[in-house]
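Please follow the chain below from its overall build to its sheets, its helices and a few single residues. The aim is to read each part together with the elements around it.

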Amino acid sequence: MKIIDLRSDTVTLPTPAMREAMYRAEVGDDVFGEDPTVNRLEEMAAERMGKEAALFVVSGTMANLVCLLTHCGRGDEFIVGHLAHTFLYEVGGSAALGGLHPHTVPNRPDGTLDLKDVESAIRGDNIHFPRTRLICLENTHNRCGGAALTVEYTDSLCRLAHSHRIAVHLDGARIFNAAIALGVDVKELTRNVDSVAFCLSKGLSCPVGSLVCGSAEFIAEARRSRKMVGGGMRQAGIIAAAGVVALEEMVDRLAEDHANARRLAEGLAEIPGLSVDLERVQTNIVYFDLIEGSLETDRFLAGLREGGVKMLSTGPRRFRAVTHYGIEAADIEEALMVVRRVMEGG
Ligand code: TLP
């Protein structure tokens, strides 16, 4: 039985072209700056994001941490949405390893932060206060249903931040999904942020890796932060080679994942006992709820498992399904059939 694994786009496996490129990769010692494949990937990433330079790191979590450590010093504050991945799911690394103070403001359902909330969270000059150094955005917004933040919104947040001499970091783990959903060049979404991190190991299907992009000066400092957290890699071209293939071949196909997510959401919405906010499904992430009084969570998940479908439980009666490379339209129909059967108690 084929397992239809919709827990995350992180479960994607490398493509045959990636395996071939990894096998053949030219490598060197990247801590000496001598890995030609890493250098090539970093140049490509910087170019794609419209920034001067880029840095290859092992994960999205490390990418965000390295950026926070580079923008802020101990005791500094960063403003971040209360549903941001950086705030919720990165083990409190900014506080534990950087001595940074997160100041949360509410995320609206579309993933944005109200500019008025942000402005009132910015600290004045007072001996009692930490200094506000940074504002973090997330695009697409994972916990807000994969919402894509628009160019206009991003620009207005950056204008506000910069008018207070505060930097903006964008957790763009799935920034290409946002660009495709909005029909814009990714550079438009990154043009005013001071740093952007994006992942290769999610929808782009690489086995490992993320990139941090910013000014040459920022990246030179970020390289030191990466070394400090033990992220200096040696013949990393072996994994960077997959990233080169991803940027060349795997970006445009994300539109298929979006179409599959939409079909999945529409199908789920038709099943009695489930509730889906269809308007919120813009990219490859679908959240849905088991209506109170229908099946219990454990029985629902067990039923899915028996039918060969995996989804993530993200709250007492809430679930997440993510579409990705390796999941075809037929798999979505199959998954819907399994869910329908489970909900009918079959
Ligand atoms: N997200 C993972 C889990 O950690 C929840 C997932 O399955 O979605 N930023 C965003 C917006 C993310 O969604 C993630 C991973 C990260 C950063 C961290 O990336 P990794 O897992 O590479 O450290």
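Buried residues make up 56% of the 346 residues in the chain, and the model in which they are counted is a predicted one. The surface that remains is about 14900 Å², of which carbon and sulfur atoms supply 51%. For a chain of 346 residues, a compact globule would have a radius of gyration near 20 Å, and because the chain has 21 Å, its value agrees with that expectation. Taken along the principal axes, the C-alpha atoms fill a box of roughly 60 × 55 × 35 Å. Among the contacts with a separation of 6 or more, 74% come from residues 24 or more positions apart in the chain. The secondary structure consists of 14 helices and 13 strands, and two of the sheets that these strands form are followed here.

One of them is an open sheet of 7 strands, in which the order is E2-E8-E7-E6-E5-E3-E4 and the pairing is mixed. Its edge strands are strand E2 (53–57) and strand E4 (101–105), each of which pairs on one side only, and the twist from one strand to the next averages 20°. At the E2 edge, the partner is strand E8 (residues 210–214), which runs antiparallel to E2 and is joined to it by 5 bridges; within this part of the sheet, Ala53 stands opposite Gly214 in E8.

The other is an open sheet of 4 strands with antiparallel pairing, and its order is E9-E10-E13-E12. Strand E9 (274–276) and strand E12 (312–315) stand at the edges with a single partner strand each, so one side of each is left without a neighbour in the sheet. Neighbouring strands here are turned by 35° against each other on average, direction ignored. E12 and E13 run antiparallel and are joined by 3 bridges, with Gly315 opposite Arg318 in E13.

Helices lie across both sheets. Helix H7 (residues 151–163) lies across strand E5 (132–138) and strand E6 (167–171), and its direction makes an angle of about 175° with that of E5. Helix H12, in turn, lies across E9, strand E10 (285–290) and E13, and runs at about 10° to E10.

Which elements do the buried residues of H8 pack against? In helix H8 (residues 175–182), the buried residues are Ile175, Phe176, Asn177, Ala178 and Ala179. They pack against helix H2 (36–49), E6, helix H9 (186–190), strand E7 (195–199), helix H11 (237–249) and helix H12 (254–269). Strands E6 and E7 belong to the sheet of 7 strands, whereas H12 lies across strands E9, E10 and E13, which belong to the sheet of 4 strands. Just after H8, Gly183 takes a positive phi of about 70°.

Several loops of the chain carry backbone geometry that deserves a separate look. The peptide bond from Asn139 to Thr140 is cis, with omega near 0°, and Thr140 is placed in the loop between E5 and H7. In the loop between H7 and E6 lies Arg165, a residue other than glycine whose phi is nevertheless positive, near 60°. Is Arg165 buried or exposed? Its relative accessible area is 80%, and because exposed means over 50%, Arg165 counts as exposed. Ser205, in the loop between E7 and E8, is not a glycine either and has a positive phi of about 80°, but with a relative accessible area of 0% Ser205 is buried.

A last loop position is Thr323, which is placed between strand E13 (318–322) and helix H14 (329–343). Thr323 is buried, because its relative accessible area is 0% and the limit for a buried residue is under 20%. What does the side chain of Thr323 reach at 2.7 Å? The partner at that distance is the backbone oxygen of Asp257, a residue within the range of helix H12 (254–269). Leaving aside its neighbours within four places in sequence, Thr323 is in contact with Asp9, Asp257, Asn260, Ala261, Asn284 and Ile332.

Conventions. Residues numbered from 1 in each chain as written. Heavy atoms only, no water. Buried < 20%, exposed > 50% of the residue type's maximum accessible area, 1.4 Å probe, protein only. Polar contact = N/O pair within 3.5 Å; in protein donor to acceptor, adjacent residues only side chain to side chain. Contact = heavy atoms within 4.5 Å. Pairing = 2+ DSSP bridges. Axes fitted to C-alpha atoms, helices over the stretch in contact; angles between N-to-C directions. Rg over C-alpha atoms; globule rule 2.2 N^0.38 Å. Areas by Shrake-Rupley, 256 points an atom, 1.4 Å probe, with all protein chains shown as cover.
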